[in-house]
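Please look through the sequence and the 3D structure below. The report that follows describes one chain as a whole and then the bound ligands.

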Amino acid sequence: MSATMTGAQIVLKALQDQGVEHIFGYPGGAVLPIYDEIFQQDAVEHILVRHEQGATHAAEGYARSTGKPGVVLVTSGPGATNAVTGLTDALMDSIPMVCITGQVATHLIGNDAFQEADTVGITRPCTKHNYLVKSADDLPRILHEAFHVATTGRPGPVVVDIPKDVQFAEAKYMRPTAVKHKTYKPQIKGDIEAIYTAVDLISKAKKPVFYSGGGVINSGPQASQLLREFVKLTGFPITSTLMGLGAFPSADPQWLGMLGMHGTYEANLAMHDCDVMINIGARFDDRITGRLDAFSPNSKKIHIDIDPSSINKNVAVDLPIVGDVAHVLEDMLRVWKSRAVEPDKKALTDWWAEIETWRRRKCLAYRKDDKAIKPQYAVERLYELTKGPNTYITTEVGQHQMWAAQYYRFEEPNRWMTSGGLGTMGYGIPAAVGVQVAHPDALVIDIAGEASVLMTMQEISTAVQYRLPVKIFILNNEYMGMVRQWQELLHGGRYSSSYSEALPDFVKLAEAYGATGIRAEKPDELDDAIRKMIKTKGPVIFDCIVTKEENCFPMIPSGAAHNDMLLADDQGLDIEVSDAGKVMV
Amino acid sequence: MQDQINTHTISVLVDNEAGVLARVIGLFSGRGYNIDSLTVAEVDDGAHTSRITVVTTGTPMVIEQIKAQLGRLVPVHRVVDLTVETDSVERELALIKVSGKGEARVEALRMSEAFRARVVDATPDSFVFELTGRTGKIDAFIGLMRPLGLKEVSRTGVAAIARGAEAM
Ligand SMILES: Cc1cc2nc3c(=O)[nH]c(=O)nc-3n(C[C@H](O)[C@H](O)[C@H](O)COP(=O)(O)OP(=O)(O)OC[C@H]3O[C@@H](n4cnc5c(N)ncnc54)[C@H](O)[C@@H]3O)c2cc1C
Ligand SMILES: Cc1ncc(C[n+]2csc(CCOP(=O)(O)OP(=O)(O)O)c2C)c(N)n1
Ligand SMILES: [Mg+2]
């Protein structure tokens, strides 16, 4: 009979056996036994954040940039409730995360005990799964199961709520290999008949388009490789969602840029006019489809997705293939090659000619300014001076996020971390912290807005403590720009509460944290300032003063169709948005 | 066709672990699906599985979503749409209290015989009837009792099972 351990020791042992090297957390009464075990070992490094929300976003950045699960440890009550935003964010963006929460002792549960919260109740709708561990005997199984559920199938956050008495109780440990799940069995391989039909459909397409998404990133680097091979083999155009950027190299001529609300003209029109759409790991989000009844009205739609609930949720598809992107693409490529399929060259030439006419609109062109820094220009320069395989970009939420998506360019997967589904302001700094922990030698930049960064600014203190040289590049327009843009468009230019009043001096703020502050106000000083930022060894807050009332184009107003797009040269914004459109977010 | 709203009876076999019912109910309320009725009980004490029967309404797309969403809950073993996948038997049990005297009381008793309801409690001025059957039959009986002194009703909701030798 093997010796027993305490629940807290089991937690650390399980983390080690799961290959966890870093956890992000914040202590408190209900997790003290676990913190005591952390203190007595070296295998797992604990990163002390400044707010539990920061721990969750750091874990997300860590996970998205490595493909490994992010691990979080927080105390009961307020520790757990502070983690809720990050859990929801991870659920929306399919990020693998295991979050261990402390809980009051089992006999106190339900008594409104000190720092008690119904953590499993609160987190049930914002996790892929959650557990309340009632006995230390269940702890090893539950912990290993949590990692299994978080990382397989459609990844997501899993909460393990451990009462304090369970952390002290003795039980036998069990290794991960012994864990088999009774009910949870995601489908990995696609149905081969459906794959034959898909190959057939794809080979006959005259106006095809690949529409790839975050599922390609989730599936791993192999999936990106296979996607590249398939796209090259077919010669088809490809666009991607915000979440899928980097899966296909943006330098490639077949790349149309991002699609959707702030996507390129050519990507959205290709989606609208195509006859065969090949959706690979994307979920027909409303930022993509716009008005549903006008979404790509004449296409046959193929949809590869590991989650059956993503299929036919918003858009009815003709050919669903449930499975993992890499596995399905591997089969698809094999079938394609073995049948020696040739795409319709003549039709493709015509299709590309049409796409070229859309490209000539140069939808991302903007008026340069030599007196003030345009935000688009700032991102362009940042890209030129920092690009490379060892650069990782995170963002906050707002206009700057869209400009980052449009003007920064990605050649590899896992280099782009952004809050897409939930759109969480305050994501970028902690996410950058998490990325930097995973990649100590990388250049990690948060392309930020001045309003967003104030939501989780305290994590700069974490960066300073752990010598994480993250660069916070603020496009400071003194507005909640995205909100202001919608107010200009939909609410008669009444800028209700969207001005960033009483901002701190970001340079002095950086210094107060023990970081470096840099400011650029004129286009001609921008490059040198960026170079200085790159050369600075520690964390930097870069206050880039940009033009204040710039709008983010192209834009498909909510409730409009894809071919109803606003471009930069119709700056007037004199469009009519329907009442149905105004209701949408 | 696509907008047509239909009623479906869905059987869900789940691991009988803490919170599993809350997960199912939370899914329906969180995503705005209808629950017409929901029943749950452990059906295999060895394997610790429970069977949940949900009667719900929605367009074909919504029903498909409901099934996919149920299927992706971690403790769910199987989801079967008894309305489309099989021919099934559906039953509900109701306890119906009627009070009255004289003509109404006699009439209530006569009706109960026609519906094959059983009298499970009687006082000089009340009856409690037990009735099993399809939802429609129970609705009809309750409708008839209303003018005859209907007091209160307790219904179990629908339990359903596929016909034939196969198990779900
Ligand atoms: C201010 C703002 C503006 C935005 N504007 C845009 C915009 O203009 N354009 C845009 O694209 N987005 C935009 N977004 C983001 C948008 O809200 C969605 O987050 C995004 O479009 C969803 O991306 P996705 O479809 O790739 O799905 P994801 O959320 O990445 O989901 C991935 C899908 O792939 C599946 N999947 C996961 N793993 C696998 C696997 N291994 N194999 C197969 N399938 C898998 C999942 O089941 C899921 O269906 C914006 C967000 C914000 C905050
Ligand atoms: C936590 C949170 N609260 C509110 C919002 C709504 N919101 C979306 S963008 C935005 C403004 C962001 O301003 P800033 O960070 O300055 O970015 P900008 O749009 O100016 O680039 C707001 C308030 C949100 N996305 N997240
Ligand atoms: Mg701003």
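## Chain B and the ligand sites

Chain B contains five helices and nine strands. The model is a predicted one. In sequence order, the helices and strands of chain B run β-α-β-β-α-β-α-β-α-β-β-α-β-β. Along the principal axes, the C-alpha atoms of chain B fill a box of roughly 55 × 45 × 35 Å. Chain B has 168 residues, and 39% of them are buried.

**The magnesium ion**

Which residues supply the protein donors of the magnesium ion (ligand 3)? They are Glu450(A), which appears twice through OE atoms, Asn477(A) through OD1, and Tyr479(A) through O. These protein donors lie 2.0 to 2.7 Å from the ion. Along the chain, the donors of the magnesium ion follow the spacing E-x26-N-x1-Y. Glu450(A) and Tyr479(A) link distant parts of the chain, being 29 residues apart. Glu450(A) belongs to helix 19 (residues 450-456) of chain A, while Tyr479(A) sits in the loop between strand 18 (471-476) and helix 21 (481-490) of that chain.

Why is the arrangement around the magnesium ion (ligand 3) irregular? The six donor atoms subtend angles of 51 to 173°, and this makes the arrangement irregular. For six octahedral donors, the ideal angles are 90 or 180 degrees.

Are Glu450(A) and Tyr479(A) buried or exposed? A residue counts as buried when its relative accessible area is under 20%. Glu450(A) is buried because its relative accessibility is 0%. Tyr479(A), with a relative accessible area of 12%, is buried too.

**Ligand 2**

Ligand 2 is surrounded by 17 residues, and the closest are Gln399(A), Gly423(A), Ser452(A), Tyr479(A) and Gly481(A). Tyr479(A) is also one of the donors of the magnesium ion. By class, the shell around ligand 2 holds eight nonpolar residues, eight polar ones and one charged one.

Backbone atoms of several residues lie within a few ångströms of oxygen or nitrogen atoms of ligands 1 and 2, as listed here.

| Backbone N or O atom of | Ligand atom | Distance |
|---|---|---|
| Ala451(A) | oxygen of ligand 2 | 3.2 Å |
| Gly481(A) | oxygen of ligand 2 | 2.7 Å |
| Met482(A) | oxygen of ligand 2 | 2.9 Å |
| Gly214(A) | oxygen of ligand 1 | 2.7 Å |

On its own, ligand 2 has 590 Å² of accessible area, and the protein covers 77% of that area. Helix 17 (399-407), helix 19 and helix 21 of chain A are the elements that give two or more residues to the shell around ligand 2. Helix 19 of chain A gives the most, with four residues.

**Ligand 1**

How many residues surround ligand 1? There are 37, and the closest are Gly214(A), Thr241(A), His262(A), Arg283(A) and Asp305(A). A polar backbone atom of Met261(A) is 3.1 Å from an oxygen atom of ligand 1. For Val325(A), a polar backbone atom is 3.0 Å from a nitrogen atom of this ligand. The protein covers 96% of the 1,000 Å² of accessible area that ligand 1 has on its own.

The elements giving two or more residues to the shell around ligand 1 are helix 10 (214-219), helix 13 (286-289) and helix 17 of chain A. Helix 10 of chain A gives the most to this shell, with four residues. The shell around ligand 1 divides into 13 nonpolar, 17 polar and seven charged residues.

Note on methods: Residues numbered from 1 in each chain as written. Chains lettered and ligands numbered in written order. Predicted model: local features only at pLDDT ≥ 70, side-chain atom pairs only at ≥ 80, totals over all residues. Heavy atoms only, no water. Donors = N, O, S within 2.8 Å, 3.2 Å for Na, K, Ca; no water. Tetrahedral: all angles 85-135°; square planar, octahedral: opposite > 155°, others 65-115°. Buried < 20%, exposed > 50% of the residue type's maximum accessible area, 1.4 Å probe, protein only. Near = heavy atom within 4 Å. Polar contact = N/O pair within 3.5 Å; in protein donor to acceptor, adjacent residues only side chain to side chain. Areas by Shrake-Rupley, 256 points an atom, 1.4 Å probe, with all protein chains shown as cover. Nonpolar A, V, L, I, M, F, W, Y, C, P; charged D, E, K, R; others polar.
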